[in-house]
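Notebook open, coffee poured. Today I want to look up the pockets and what lines them.

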Amino acid sequence: MKKVLIVSVLLVAIFCIYILIVAGFMIYGAKQQATTEPDTILVLGAKVEKNAPKPSKTLKARLDAAYRYHKEHPDTIIITSGGQGENEYAAEADVMKHYLVKKGVPENKIKTEAQSTRTEENLRFSKEKYTLGNTVIVTSNYHLYRALFLAEQEGIQATGVPAKSYSLKGYCREVLSISYAWIFDR
């Protein structure tokens, strides 16, 4: 019985240490500085409302961060990237473009990639469809480390702009997603 307890405590300790290590990488990713000479701003999609062409709270935060960065670099092209999920009213990329145009970004400064369903596809499909050059990826703070990791795997020269997010669900899911990326997305 004592051995089982010791093994259980050790496994829990190892799991907690692993979570702390992954959290450290997430914090590190969110602290990265974006280039001051971007060619492209790539905004990664997130859920849109299922009954209206409206961004979720998470997606709105990403779009607002992209908008602020674009105001500092108004000649830069924005690519909105994200397909249409099962419970979504429209493709994420199209909703994102509409939102940015309403905020004042000229429509000719926005391109869309509306086929992707996951981060790796956002990056790969955007790279296949457009010339990215020196890219700034805009995504949630907890997601930026993995987005930059996957961009490197795709051969994309990228830095990032984090959008503030306090989604506990997003942070927890990201721990699993980073683990998956480290194992399978190499």
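**Pocket notes**

I began with the second largest pocket, where H1 gives the largest share of the lining, four residues. Worth keeping in mind that this is a predicted model.

I then checked which elements supply at least two lining residues each to this second largest pocket: helix H1 (2–30) and strand E5 (158–163) do. For its volume I got about 270 Å³. I count 15 residues in the lining, and Ile27, Ala30, Lys31, Asn141 and Pro162 sit closest to the centre. By class, I have nine nonpolar, four polar and two charged residues down for the second largest pocket.

Next entry, the largest pocket. How much space lies in it? I wrote down about 840 Å³. Its lining runs to 32 residues. Nearest the centre I found Gly45, Ala46, Lys47, Glu92 and Arg173.

Which helices each supply at least two residues of this lining? I noted helix H2 (57–72), helix H4 (119–129) and helix H6 (168–184). H6 gives the largest share here, with seven residues.

Then I sorted the lining of the largest pocket by class and got five nonpolar, 16 polar and 11 charged residues.

Last jotting, for when I come back to this: in the largest pocket I should start from H6, the source of the largest share of the lining, and in the second largest pocket from H1, which has that role there.

Key
Residues are numbered from 1 along each chain as its sequence is written. This is a predicted model: local features need pLDDT of at least 70, side-chain atom pairs count only at pLDDT 80 or more; totals for chains, interfaces and linings use all residues. Side-chain values use heavy atoms; hydrogens and water are left out. On a 1 Å grid over the protein atoms alone, a cavity is a set of points where a 1.4 Å probe fits but cannot get out, and a pocket is an open set with protein on both sides within 12 Å along at least five of seven lines; lining residues have an atom within 4 Å of a point. Grid points are joined across faces, edges and corners, and a volume is the space filled by probe spheres set on the points. Ala, Val, Leu, Ile, Met, Phe, Trp, Tyr, Cys and Pro count as nonpolar, Asp, Glu, Lys and Arg as charged, and the others, Gly among them, as polar.
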